[in-house]
Structure formats: structure tokens, C-alpha cells
Amino acid sequence: MTNQTSPIDEVIDDQLYNRQRYVLGDDAMKRLRQHHVLIINAGGLGIEIAKNVVLAGVHSVTLQDSNNASILDLATQYYLHENDIGKNRAECSLEKLRALNDYVKIYTCKEPLSDCSAEYFQKFTCVVLTEGNLDEMKRINEICRTNNIVFIMADVYGVFSRCFVDCGAQPFTVFDKDGEQLKEVFINHISPEGIVTVAGDERHPFQDNDIVSFRELIGLEKLNHCERTVKDMNVHQFSIGDISSLGGEYKRGGIAREVKQKVQMNFQSLNEQISNPRILTIDGSDYWTKDISGDIPQVIYVHVILLAISEFKQLHQRLPEPIEENDQTILTNLSRKYLDELKSGDHKVNDDCFQELTKYVFYTAKGSFAPICSGMGGFVGQQVLTAITGKFTPVRQWLYLDAYELIKEIPVEDEYKQLKSVTPDRYHALRLCIGDTLVQCLARQRLFMVGCGAIGCELLKLFALLGVGRNGQITITDHDHIEKSNLNRQFLFHKQHLNQPKSTIAAQSALEMNRELQIQSHTQKVGVGSNDLCSDAFISSQTIIVNALDNVEARRYMDSRCVTNKRPLIESGTMGPKGHTFVVVPYKSESYSNQNDPIDRDVPYCNVKSFPANIEHCTIWAREKFESAFHMKPSLYNSIMSQPNIWSRINNGDTIEDLPKIYKFMKRKCLDWNDCLHLAREKFDKYFSNKARDLLHKFPADMVDDKGVPYWKLPKRAPTPLEFDINNDLHYNFVLSCAKIFAMVYAIPVTNEQINDVKTNRDVISQSKIEPWQPRNKVIITDPTVAKPTTSKHEGDISSDEWKYVQDRTKAFKAMPIPFEKDDDFQIDFIACATNLRAQMYALEMGDRYEIKRIAGRIVPAIGTTTSTVSGLIIVELVKLCLSQLKDISLGVYRNFYINIALPFFISSEPLACETQKIGKFDVNIWSSFEIKGNPDMTLEGFIQEVEKKYDIKPVLISEGVKSVYAPWMPKASSQLKRKMDELLPHKASITYSDLVVLPDDNDMDVQTDGNSETTPPPIRYYFNG
């Protein structure tokens, strides 16, 4: 065993782990550091699991492998190269694994499994076995069960994969089954029978047998802090059982919050599960067991065939091969043996399906398909984390992933025969899966990928393994630079790459995996105006477009470029343990933009400004205060005061836009550290005392409407003005954090001694002169539909003397605006203090600093295991798109996935076909294109006549982007018809066409559509010169 020592840091490195921390939570993160994981065999699947577990941050990983690298390993094991052939796989991978995470100890071991005693395995808390034979699987599973060690088995054979999870003979405790935030609702009424009605039009989120706890009930005080079991009634009501014995009667208020319960799970041994499997399906039907009667699903045939592969490997010390005369018969007979042991009299066997699956496994088993290694490796990596922390629900107990829809479109027997004439190289294991014809097609691709973050890194890994674009071109772009938080998931980047462009380093790292790649990197951001990089000429020259983006706007933009240029698109995304994949097939499927993405609803402005209902509202408010005080106002000051002759213009009384907004900023300019403390103390009263008094002055605490209903009732809470207490740590810390940032804005040097001198600072703060509150006639927005005002009014006129005062105070001063940075502790100190003071003011529960940081920084929870799984699934679809270049394949071959590996949950579905409608004399869909060849003399009238003649459409409205070109009701519409198209559509000489939206007369629409359907013809591309 090769040892490495590294210091153990029990404090979580937030800069490295913050995205993962929001997925797993601190308790699970700390539990990870206590565990030692053994991963057996360093092939393509084993190294993918190891990579994910090391990135996650366990205490140690031991990679055990007695095998030397062969040419077949290079198609899936990205840490091996041609010069590693003949060397131990684990030892060749060691240094690259160590580079992933300084906090994890990495060991290697070359001992064969047959030489390892039971005592050897007792050093580990989790054992993952890959590439094992049947005896090894059973023996190690029994050792693990006896010693309360988590056992996971996983394999990839060709395009088929499986995993088995056994969390031990003792009941396994799940501390958090799904990782979701606690759900809660405001209450409108509770009947004596225990029927709870939620407030407003809100739907309650609870299901049968959920546990909820109550608080802030008035009239049913005895129910506060009690836990009750839920029975769902309808979307607005749930039952908690009869409560009449508690006494009292509901009057108002109340919040019901979910209480998460620990879950106990029992697991069976591998030996028991072989003939009585419990298998997680990917068709939405949850789990399959032999108790379910009827047709045996396809996954059960795969189950018995892969068991037969394991036994074949045990008997013959190799995998079956078509060149061996009896191998297929032996494999088929072994498979039937396991099928007979499993099926009952109620089960119907589809022998054709069984024989076909056996054939495909037989022909591909010696190969290994990199996308399946990635997909299954990500899932198994998460199973390791789940099993050793109790965070999320482990699979119970089998999962199978495959690329069967792909492989059945390939003539495997013919492709296998052709391999006799192919010299084995790094792609040989891939050829054994999909044939040389498709491997060569992958090599010819011209692929454009947008985004080089977590998904982008995983996809580049797979492009390297598959040899995508090695005889064509891969082009990538990403405008971001590498931060430390990226290193936890974006595994192509290491600490020496910090602050460098992601796309540049990603391209270099991919080339290190496969020197044959042809890859070009850019640092442009895609979107409207991204010029040549997303031009029609460039996009139409590509064979496949890949989105690896993290925002909907850019995704929709790239989708529109693909539809316009008739190019396929693969799209994927993750959020914590959840992920999705989406494939866009030209002329056949709907596009990404046809999907209804979940809408990120903005919090109503009035909730943020005056009526917060939860810690999120308070955090958004605190972030806005930070932006206003420390960035927007200083930036506006610099912008205005840098104008020529600014003071002459001010003194002359010239109108200068936004000038009054910076008066207070100038008047309050701090000259030293004490000034900063005084100004911060003033902010305390302004934010947490005066604001409450303003509200209560407008809406008194006992205010009722004409029906006697209190104005201040949940979710609306009456604020309580906070009285500053110098001995209250939260009060003091707010003033201190605020003062520190003011010192930066006003460029005042402050030493750590000054900041940390608590006694002196308290004395200075206590001497601050605070103006008493005076009622103000200020408008308070109460309507939740009203957006935040884009402008603010200045209160009162500013005299020339006042301007003279601030001129003297700010002479030659340049402010230092502070942009928000979520990883800046000073900034988060301020936002956390401000958030919790506001929560206190409204009697809300105070927030955790890290949750406040997530909300303020808009941090998307992320973990590498999800990314790996999603990337593998979507690259299977990319290979199908390549296959479609060789033969026509139906839309039913493709798959979109939605996964949640916390539950765990997989569901696949066929892409939806694009909707076709009749417009004029044409059947059109989103992929249709109309065009008119123009000339310099063509008039608008001539254009309309051409459209009518060519497409049988009578235009009633023509527009270019947001600009209207023609409508019959427009002024001078008749004279507009005589104008030349070149005049109506001004353009540079280099522009050859314009895409025009043409709305036809309703009588031209011969299709009945629902209200959500697109009923306009495709844009008409008008070419200026034919």
C-alpha cells in the first residue's frame, strides 16, 4: 500500500465546498471526513467513482487494483495514456487523483482480492467493488455485512451497467430522505375536527403521513409546538386529527412547518437479491420486484444476463467473445438459469426480447462505453456519499442504466466482423460497443460547446474518450475565470489554474487526456451581439451544438440559433441532486424554447420593502441595502463628479440628472474611522427603528378594517422598533461590519487593531448623535403586484450653502464602490447582521449565516455526482445524433431524462414531436423556413406580392425584430408600400439578409390550435440581393 499523509482540517473549507455544502449540509459534510472508502479496480467505472468520492471530501480513498493497463482501458480510463500500458492502473492514476483534493488521503494497493483477508476489509467503512466475478461479489458482500461495512457493487459491460447497494445487516438510518428545505404554510383556519385550511390561494405542500409542527397560533395555543401527522384532504386543506380535547378555538394566525423524520431501511444480502431483486426502474414505475405479475420488463432480462456474465467471468477468467464458438450458448444457458430462478407462474417471458438482449450484451461485453461509465459512476459516487452520511435515500437495491435504444440501431454482428481489419488503438473498447463506422463518425464532428463549468468539464472528458472531433473540430467558449469554489466539481481545474480563463484551461486539460483532439477555445459570452462566434455562417458549419450553460436566457438564445440554422442541440442542467437532459432533433422534435421552464418568481417588492414573511425576504432586503449604500451611490457619485466643469454647472444651477441622489452621500463623507462608526450607528436607527416607526405611524398595530379584521395578520407582521444596545453583540457587529465597508468606500485606512479594539469602538459608538424620529409623509407600497420603482425622489431642495459645504468636504475625492462578492467575509458579515436584525424587528426566526449567504449570493447548490450522471446520459444522446448522420432514426430512439439522485429517482421519456400546422398551402413547424430572394429595386408592395404568390399568405403585419415595418393601419401605410425594401431595412453592406416576422390574415390559418400554440408562420428570410 502506498501512503500519503496530509493534515486533517476539521473546519469545512467554505471557499472550496460551498456549493456542495448547500447540497449535503454541514452535518453530512463533517461525517464524510470520518470515512475510509475502498474502491476495487481502476478501470473506467472505478476511476469515475473514485474521482467523484475524492472531490466530495471523504477522509481517505484506497484504490486497489492488481491489473495492468491495456489498450482497452484507454477508451474509458481518462487518467491512463498509451505509455501507461503494462503498468498498474491504480498507481498510474494516483497523482491525478491526489491533485483533485488536498484534504483527502489517497492510497493504492496492488494485492489481488484473493489474498485479502476479512481483517483487511475492516479498515474501511465502505467498499465499492467493480469488475468482480460472482464469487468475489458474494464473498466481499458477506464480509461487509458481518462487519457493518457498506457494500456497493457496480459494473459496465459494453453499453449495459448495473449497481447493487447493501447498507448492512443492521437497519440503516436515513437522516434526511430528500434534502429539500422544510416546507411551511400560513394558516387561515383550523376546525375542531382538525381540518387545517391554508391562507389565501396557497396550496399546501404536505402529503399523507408527513409530520408538521405549529407555531404562532392564537386561540389554539396548546397546539403550538405540537407535532401532528398529516392526512391530505385537497390542495388547500389537510387534516391533523381531532383537536377538540385541547380546548380553545382558532382565532387567527399560525404557521405549519414540516418536521423531517428519520427513516429506517432494511437491506438484503447480494445472495438473497440475486433471485429476488428489488430494482429501481427508469420508466416512472418506481421499483420492480418479483411480486409484480404480468410481462417481465426488459430490465429483468438485463439483470439475469449480467449475472450470467459475472458467473462466466468466474468460470473462465475472462469475458465472453464472439470469436469463441460456444461462448454465446454458454452465456444464454447461464442467463436462462437465473431467469428460471427468478420468474414465477404469473410472469410472462418475451423470448424474442430475451434473445435480442443476450445478443447485444454478448457482442459488446468486452467493450466499455464511456458515457455509461460516467452516468453510472456519478450515481454510484453519490450512493457512497449517501450510505456513509445518511443524507438522502440510498437505492434499494439495484439500478440498471444502458444505451439499448442506441445499440439496437447498430448491426453489431457486421460491425464486429469488420474489427478484424482494424488495428486496436485507444478507441478499441468503444468500437466493441458501437462499431468502427460510428467511431469514425464521432471523429468527423464539428462541435460547438457553450460553457466550460461543471457540466462542460465532464463533457470534454467524454469528448476526449470518444475521440469526438479529432478529424473535425471542437470549439468551446466560456467568459468566466476559475475560482476556488469551482475546484470541487469542475475536475479539469486545479489550484494552479485559479483566475485563468475556464475555456483555455479546459481545452488544455482535454488535450492532456487525448492529444488527437482538435480543439479551439474562446472567451466570448454568447447572446445577442456575440457576432461571428454565433453567426449563421459559424453555426451552420457545425454538426452538433452543446449547451453547458447555467442560465435560461443563454440557453434560449443558443436554442434559437440552432432552430434558425437547423442544427441539433443537446441541453442539460443540474441543481443539487437534481438534473435534466434534453435533446433537440432538427425537423423532428420540439425545441428547448418550447418547454415551460420553472419560473423564478420575483418576491413582491412590498414584501421586501415593508412586509417580510420569511428570512429570504429579509436577506433580499439586506442585499439591496448593501448594493445601494456601498456600490450604487458611490458609483453614481463618481460618474457625476467626473463630468467636465461639474462644480461650475452645480453652482450655476444647471439641471444635472441624478445630482440630488448623491447629496447625502457627499454630506456624510467619512474622514476617519470614528466617522465610519458614527455613520454606521445612524444606519442602525434608520434601518431597524425609524422604518418600523414609519410603518406603525401609517398602519397602527391595532388597525382593523371595516369588518373588524386586523390589518396586521399573518403573513403580514407588525414590526417592533429596535432600540440600540451597545452590549448586544448583534447590534455591535452590525455597526462594526457596516463601518468597515464605509471605510473602504471612503478610502480610509483602518488597522486591524482599530477594528478589534472593542472597548474604544463601543465608546465611540455610544457617543454618536442620533436624530430623534420624526413622522414622514412617505408613500408605502402595499400592493404585491406593484414592482420596485425605478427612480426615487429626493426629499426637499438643496441650498447653495449646502452644496458649498459638501464641495469643501469632498474636494478631489473619488469613492471606491464595493461590488457585491459572495465570498467576501466582510460583506457577508454585514448582510447576515442586517438580515437577522430585520428578522428580529418582524419577530421572524433568525437565519443561519450560510443560508443567508446562499440567498444573498444566489448560490446554486451543486455536487459533482449529479453532474457526472447527467453528462453521461446526455452524451449517449449525442452519439445517437451522430448515428442519425449515417441513417434515419426515429424520434422514439432518443431519450430525455429527469433525475433526482437524492431519492433516488430516474425517469426517461421520448422527446415530443414538433407541432405541425397548415399555413397557406404549406404544412409548417418550428423547423420550417420561408425565404424571398430580393433585389435593390424590390418595393414593400413587391415583397408582399412575392409572399402571397410563393406561400399563399396575405401579410397584415410585417416586423423586423421589435421594429414594425408595415401594418395597414399605420400612418401613410399606402405610401409605405411604394418604398424600397433596402430603405425600410437599413443595413451594413456586409449584411446579406434580414429575418422578418410576417403575420398573416386569420383566414390563411387552416388549423385549429389551443391558446398556447404558436400560430404564426416561420420568419421569412429576405435576401437583399437574391
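Which residue in β20 stands opposite Phe-160? In this predicted model, the residue in β20 that faces Phe-160 is Asp-402. The pair belongs to the junction of strand β6 (residues 160-166) with strand β20 (residues 398-402), two strands that run antiparallel and are joined by five bridges. Helix α11 (residues 370-389) packs on the sheet here, where it touches β1 (36-40), β4 (126-130), β5 (150-157), β6 and β20, and its direction makes about 5° with that of β6.

**The chain as a whole**

The protein chain contains 34 helices and 35 strands. Its radius of gyration is 33 Å, which agrees with the value near 31 Å that a compact globule of 1026 residues would have. Measures of extent, burial and surface can be set beside this value.

| Property of the protein chain | Value |
|---|---|
| Box filled by the C-alpha atoms, along the principal axes | roughly 100 × 80 × 60 Å |
| Residues that count as buried | 55% of 1026 residues |
| Exposed area | about 44,700 Å² |
| Share of the exposed area supplied by carbon and sulfur atoms | 47% |

When contacts between residues at least 6 apart in sequence are considered, 74% of them join residues at least 24 apart.

**The nine-stranded sheet**

Strands β6 and β20 are members of an open sheet of nine strands with mixed pairing, whose order is β3-β2-β1-β4-β5-β6-β20-β16-β17. The edges are taken by β3 and β17 (287-288), and each of these has a single partner strand, so one side of each is left without a neighbour in the sheet.

Is the edge strand β3 (residues 105-109) largely enclosed or left open by the rest of the structure? Five of its five residues are buried, that is, under 20% relative accessible area, so β3 is largely enclosed by the rest of the structure. In a regular strand, side chains alternate between the two faces of the sheet. In β3, Lys-105, Tyr-107 and Cys-109 point one way, while Ile-106 and Thr-108 point the other way, and all of them are buried.

The partner of β3 is strand β2 (residues 60-64), and the two pair in the parallel sense over five bridges; within this pairing, Leu-63 has Thr-108 of β3 as its bridge partner. Together with helix α4 (residues 89-98), the strands β2 and β3 make a right-handed β-α-β unit. In this unit α4 lies across both β2 and β3, and it runs at about 175° to β3.

**A buried asparagine**

Asn-141 is found in helix α6 (residues 134-146), and with a relative accessible area of 0% this residue is buried. Leaving aside residues up to four places away in sequence, Asn-141 touches Phe-151, Phe-164, Asp-166, Ser-269 and Leu-270.

**The seven-stranded sheet**

Another open sheet has seven strands in the order β11-β10-β14-β8-β9-β13-β12, with antiparallel pairing. At its edges stand β11 (227-229) and β12 (231-234), and because each has a single partner strand, one side of each is left without a neighbour in the sheet. From one strand to the next, the twist averages 40°. The edge strand β12 is joined by three bridges to strand β13 (residues 237-239), with the two running antiparallel, and the bridge partner of Asn-234 in β13 is Gln-237.

Definitions and conventions:
Residues are numbered from 1 along each chain as its sequence is written. This is a predicted model: local features need pLDDT of at least 70, side-chain atom pairs count only at pLDDT 80 or more; totals for chains, interfaces and linings use all residues. Side-chain values use heavy atoms; hydrogens and water are left out. Buried means under 20% relative accessible area, exposed over 50%, partly exposed in between (1.4 Å probe, protein chains only). Helices (H or I, at least four residues) and strands (E, at least two) are DSSP runs, numbered from the N terminus. Two strands pair if DSSP finds at least two bridges between them. A crossover is right-handed if, with the strands pointing away from the viewer, the path from the first strand over the helix to the second runs clockwise. Contact means heavy atoms within 4.5 Å. Axes are lines fitted to C-alpha atoms, for helices over the stretch in contact, and angles run from 0 to 180 degrees between N-to-C directions. The radius of gyration is taken over C-alpha atoms; the globule rule is 2.2 Å times the number of residues to the power 0.38. Accessible areas come from the Shrake-Rupley method with a 1.4 Å probe; for residues, only the protein chains shown count as cover.
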